[in-house]
Each structure stands twice: as C-alpha cells, then as structure tokens.
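Subject: The structure I promised you

Hi,

Here is the structure we talked about, ready for you to open. Have a look at it first, then read on for what turned up.

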Amino acid sequence: MAAERGGDSVSTRTEILALVRRYYAEKFGDRSFDAATDPVRYAGRVFGAEELCNLVDASLDFYLTAGRFTEQFEAGIADYFGVSDALFVNSGSSANLVALTALTSPRLGERQLRPGDEVLTVAAGFPSTVAPIVQNGLVPVFVDVRLSDYNVDPALLEAAVSPRTKAIMLAHTLGVPFDLDAVMELVEKHGLWLIEDNCDALGSRYRGTLTGTFGHLSTLSFYPAHHITTGEGGSVVTDDEELARIARSVRDWGRDCYCAGGENDTCGKRFAQQFGSLPYGYDHKYVYSHLGYNLKATDMQAAIGCAQLERLGDFTAARKANHATLLEALRPFEDRLLLPSAPANADPSWFCFVVTVCADAGFSRNELTRFLEANRVETRNLFSGNLLRHPAFEHIERRVAGELTNTDAIMERTFFVGVYPGLDEPRLEHMAEVFVRFMNGERADDGASGASSSRAG
Amino acid sequence: MAVVRRIPCVVEALEDHGEHVYTVHLRPGVQAPRFKPGQFLHLALDPYEPGGFWPDSRVFSIASPPEARELLAVTYAVKGDFTGRMERELRVGTSVWVKLPYGDFVVDGANDVVLFAGGTGVTAFTAFLHSLVSGAESRVLLCYGARRAELFVYQPLVEDCARRAPSFEARLFTEDRDGRLSVEAVWDSVTRLHAPIFYLSGPPSMLSAISAELCDHGVPPEVVKTDAWE
C-alpha cells in the first residue's frame, strides 16, 4: 500500500535476514546421503544462505523488475569474461534468440543476416540453439559431430561453407570447447558471424581463454542444471557495444531507447530526435527500431545470481574433480564404454559425465540407463540426440552437409550422468558402484530397488 | 554501450575556472566501468539508496581519459538549478553518485576528424584528445570557441596535443576577439583533410549554426555527428 518509509525498516530488514540465515541452516543444512533410498541427481541447485538472503533482500526492495541486483549481476558477468556487456535475460534459450536476432538488425548494414542466409550448426544438441535460426527465416546447415567430444568436426564444417553461409552458431557441447582454432580461422576467412552457445560451458577455457569470449556474441543459461543458477535465467555476452545495444533492444520490446526501467531521458534526447516517419521529437521511450520481445528477468533472480557468481570458481573446481573421479572409476570399462575426453587446448568445466555405449558392447544404452535409474542414479540423453528426427524439426527448411552418422549414433547410444558440485564422495561412490555392478553383469531385473521412485521431475 | 553501473564517488578536487565554470574530479568508491571517449555520466547530488529509484541527476561528458578510471572529471558551467546546486554544494570530500557510461557520441579516430567545440562542449572531446598518440595517421582538427580566452578551460591539453601529435591542429576562437566560431573561418584547414567526419558539441545555437554552414559547404549530413541535448 505504500513505499518503504525509513523508521525501523532497516533494523527489521536486518532481523529478517538473520532469520533467513537460521532458516537456511535448519532447512537445507542436512546433506547426508543414504545410498539405499536417496537419488543421485544429474544436476541440481547448489546454494548457501547468501543466495536465500539475497533473494529475500531483493523481495524486500520490491523493485521486482531489473534493479540493483540486475546491475550488479550483469556487471559481474561482464567482469568475469572481461568484456563490455552482459545482458541478463529470462533463460538461455532467450539468450540464444536475442543473440541470433541481434544479427538480423538493419543497424548492421551489409553484415545484417537476411532471410535465406545460412547458419552452420549441428543437430546433436539442444533445440534452442537451432530454433532462433529457423524463427528468423535463416537456413540452418547441419554438420556431423565427432564422437570423441560430441563437437562439430572442423573439416566437415569447412566443407559445409557455401556462398550463402553468413554465420556459425554452435554450442560447446556439455562443457567441452569446440575447436576454436579451426572455427575462428573459418570465421575470419569467410567473414562470418560466430555465436558461441556457452550455456553448458560457463568456466570452460580454450588455450587458457574463457569460452564465450571468442565469438561476436555468446550465451549462458542459469537454469538449475547449469554451472550457476538463477532458477530461470540466462545471459548474452559480448564485447561489441553496438551488438550489445541491438541485443538490449531485442530483449526490451525492440525499443530504440536504452533507459533502464523506471528511468527517463538518460540520453538527454528523449524528445529531440527523428525516427522513421514519426513526428520529430516523438517520445524516444516508445520508438521501436527492432521486432523485439520482453525477455528480461527479475531482480530476485539476479540477486540469486550475484551470490552464485561468487561461488563459480569453487563450482568449476568441483565439476572438474567430480568428473575426474568418475573417469577413474570407469576406466576399466573403456572396452565397452566410450568415455569423455577433452581435446588438446581445451579445459572443460564439465556440464556432466557423458558416456557412449560402444556398438559392440553387448548391451544397449537404454539397458544401462534403466539400471542406473533403477538404482537411483539419474541419467539424461544428450538432449535431442538428432534434432532433425524430432517432429518440430523434421520439415524445417535446412541443408544437411554430408551424413549425420555420429549424430544418429549419439541419439542411439549416448547418455550422461552428473558431475555437479552437489555431488559429494558418498554420492559419487554410489554412482560408480552402480556402474560397476552393471558392467559386471547385473541387470535391472536382478533385484534393483526403487525403480518407480527414482526420477526427478 | 557497456553495462551501466551506479557508483558512489567523493569529490577529490575542484577547479574554479571563473565565470561560474568548474571542473570536478571524482574518486570512485569502486572500480568505474570502461567507457569510451565522448561518453557521458549522470551525476546525482542526493544520496542513492540501492534498491530505490535514482535521484535527480544531470548528464556531463566524461572529460578524463578512459585509461584513468580511478579519477573521473567533469566540467560544467552554471546554467540552471542543478548546476547552481553543484556550485553551492560540491566541496572536496563531498559524496555524490554517478552512473555511467552512456552515449554513442564516440569519435572514430580511424578517420580524419573535425571537432567543433563550443565552451564546455569541448569536454565531449577531451577524453579523445588525451588518448591522441604521436604516431596517429589520421588527422584531427579541433575548432574550439569560447566567449573569452580565460574560458579555454582545456587550452593546456590542446597545447599538449599540438606538441606530441603532428597530425593534430587546433583553431581557437574567442568571441570578443575573433568573432563567432564558423565553418568559413576554418574551411582552409578542413580542405586539407581526407574525407573527414565532423563532430559537433556545444550549445544548441552553435550546433544549429555550424550544421547549417557545413550543409552550405556541401558536407553531406551523414558525416556530421552532433552531440545534441535538449
């Protein structure tokens, strides 16, 4: 009913936040694990009292839309990458949509992507890497991937370039950097745009440099399965201020004005410009230079992100350590399981532990994942497998460069389990033990327990 | 435009240039964000409570170079209530809030450029001038007008540029001695440049006059960039 009015509100706020800390300890403090009953998730929110306090702090501001935490979070991401701009959006998928759509801006002149232009990508991934290409009337060109790291084969990528090719949009699959030497060479040779879908690779490095800083634009996801979380959330990252301004416009309804919500006339020209055939001086706040959306997130989400960003270094280290533990445990089974490996120059912040069942293993991927799930080890397929076999993508306008043999193999034989920082030694031990039991011949029907209650929503 | 940040600052030093023209040097309480020469900041005198709304503020070109973000400078002339408050309230040690960076009036040093500056409008160019290097291939012509010679606040910087950058030329005009800054008066210098871009910063009357004169001299409007303010 009223705006905050000083008084005791500051001390009340302090008291509330102290209670939140206590609540956190009471509610979330117990991280014990019972292998007989508890699931081992493939991913999950890892957070401390700071996240909860920031969230409540932001809610007590009741600013709701992008405010002080958003500003802090965006600045923190930009600083982390050492770039000029980071835009907080409401998901990684929105980040991909904003990034790709930004390249269709008329502000880019000759370099503007136009309907019919081709964008090189892969089908072995997440649909929202590809959907923005289709949504913008561009033509995705699908190239096969390698089974060693699930990333695009650079030789096939080069062979796929045509006179209509104008951009490359690729994910660093499951945290593993794609061959940036080869891709950047292609980008420079053919004057292409590069969007790095860095949603699964926050913290990964290539030749010591963070992925997400090589392309003209890159994207992040903060969905709970990802390296840090804001619940729903994502980001567009760029070191090009013109692209950043366009991306902000696309994110913010397509408006030309860049004033933050609740602010007016920060440019000093609100009523003093000419746009299109509008009357001179038409209110800049309501001038639209792009077909845009509202893809912003809230200050409460950003508040969580601020605390999560502080943990990123620890999270990255934990992911690497957990991955190494699983790799060591599964090495004895390399004759039947293709285990993950990082290519030269790549230092992944692993999204997960990915496994492909060898064609001659004597068991199927689904037999193995059924056993893992029955024993409360959560699994996921490598997202869509082959995206072109899904109903929404079967009939899109596209070009397929060569065969998608490995993409189909991934669809048939690949899956992953978790390495997220919430996995501790007992959970990893349980996971490894379940793998070992299966590899030693035990099957789901041989007495596994808890099958019906093992799946997370 | 880089991510805008709101940061507390303390007035580190004040320069009184006379005629109610001042330069304020601000020490940011946290690292100031990157900015480009020609961009501006918002300065608020009233406290900003994070989580609340930004208080009344005015915009000022960032006069200090981007390489020296530990000390931000703005130059202002007292022209209204807000700058009047600045004159009365700002002292060494005063706390203020700024948010930055804003604006796309950024000089592209890759081309030959002509910079028309009137009065404190020169601050839109000072960060660029600070960054001028001696070996630059493109040429810079600064046409700088002020009411009186004492109001050439940045004359030492201009002289320094002339010393270290052979590609730099300055034409200074004082109204009481040389008359108003005009395109005709500098056209001989302009014609020595190769396909220059024109940047205009100053009071509205000067901007409209110079714009019209450039048009009369056959300069296409697309190469004229104006730092227009309401």
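Before anything else, one term: two residues are in contact if their C-beta atoms, placed from the backbone, lie within 7 Å. Also keep in mind that this is a predicted model.

With that in hand, start at A:Arg248. This residue lies in helix H8 of chain A, which covers residues 241-251. Setting aside its neighbours within four places in sequence, A:Arg248 is in contact with A:Leu87 and A:Tyr258. Is A:Arg248 buried or exposed? A residue needs 20 or more other C-beta atoms within 10 Å to be called buried, and A:Arg248 has 22, so it is buried. If you want a distance to check on screen, try A:Ile77: its C-alpha atom and that of A:Arg248 are separated by 16 Å, with the two positions 171 residues apart along the chain.

Since you're at H8(A) anyway, look at its partner, helix H4 (residues 92-102) of chain A. The two helices pack with their axes 9 Å apart, at an angle of about 125°. Angles between 115 and 145 degrees fall in the oblique class, so H4(A) and H8(A) are oblique to each other. The crossing is right-handed. On the H4(A) side you'll find A:Val98, A:Ala99, A:Thr101 and A:Ala102, and these meet A:Leu243, A:Ile246, A:Ala247, A:Val250 and A:Arg251 of H8(A). By class, that contact has 7 nonpolar residues, 1 polar and 1 charged.

Next, follow chain A past H8 into the loop between H8 and H9, where A:Thr298 sits. A:Thr298 counts as buried, because it has 22 C-beta neighbours inside 10 Å. Away from its neighbours within four places in sequence, A:Thr298 is in contact with A:Leu64 and A:Thr65. The C-alpha atoms of A:Thr298 and A:Gly233 are 9.1 Å apart in space, while the two residues are 65 apart in sequence.

Then comes helix H9 (residues 299-310) of chain A, which packs with helix H2 (residues 49-61) of chain A. Their axes are 8 Å apart and the angle is about 150°. Which way do H2(A) and H9(A) run relative to each other? An angle over 145 degrees counts as roughly antiparallel, and H2(A) and H9(A) are therefore roughly antiparallel to each other. This crossing is right-handed. H2(A) brings A:Glu50, A:Glu51, A:Asn54, A:Leu55, A:Asp57, A:Ala58, A:Ser59 and A:Asp61 to the contact, and H9(A) brings A:Asp299, A:Met300, A:Ala303, A:Ile304, A:Cys306, A:Ala307 and A:Gln308. The residues here split into 7 nonpolar, 3 polar and 5 charged.

One more helix pair in chain A: H10 (residues 312-330) and H13 (residues 425-439). Their axes come within 10 Å and cross at roughly 25°. That makes H10(A) roughly parallel to H13(A). The crossing of H10(A) and H13(A) is right-handed. From H10(A), A:Asn322, A:Thr325, A:Leu326, A:Ala329 and A:Leu330 meet A:Leu428, A:Met431, A:Ala432 and A:Phe435 of H13(A). The residues of this contact comprise 7 nonpolar, 2 polar and no charged.

A last residue to visit in chain A is A:Tyr206, in strand S6 (residues 205-206). A:Tyr206 counts as buried because it has 25 C-beta neighbours inside 10 Å. Its contacts, neighbours within four places in sequence left out, are A:Pro177, A:Leu180, A:Thr211, A:Asn345 and A:Ala346. A:Pro177 is 29 residues away in sequence from A:Tyr206, and the C-alpha atoms of the two are 6.5 Å apart.

Now over to chain B. It has 6 helices and 11 strands. The radius of gyration of chain B is 18 Å, close to the 17 Å that the globule rule gives for 230 residues, so chain B is as compact as a globular protein of that length. Its C-alpha atoms fill a box of roughly 50 × 35 × 30 Å along the principal axes. Of the 230 residues of chain B, 39% count as buried. Among contacts in chain B with a separation of 6 or more, 73% are between residues 24 or more positions apart.

Finally, where the chains meet: 19 residues of chain B are in contact with 23 residues of chain A. The side of chain B that touches chain A has 12 nonpolar, 3 polar and 4 charged residues.

Cheers

Technical notes: Residues numbered from 1 in each chain as written. Chains lettered and ligands numbered in written order. Predicted model: local features only at pLDDT ≥ 70, side-chain atom pairs only at ≥ 80, totals over all residues. Axes fitted to C-alpha atoms, helices over the stretch in contact; angles between N-to-C directions. Helix = DSSP H or I, 4+ residues; strand = E, 2+ residues; numbered from the N terminus. Parallel < 35°, antiparallel > 145°, perpendicular 65-115°, else oblique. Left-handed = near helix turned anticlockwise from the far one by under 90°. Nonpolar A, V, L, I, M, F, W, Y, C, P; charged D, E, K, R; others polar. Buried ≥ 20, exposed ≤ 12 C-beta atoms within 10 Å, placed from the backbone. Rg over C-alpha atoms; globule rule 2.2 N^0.38 Å.
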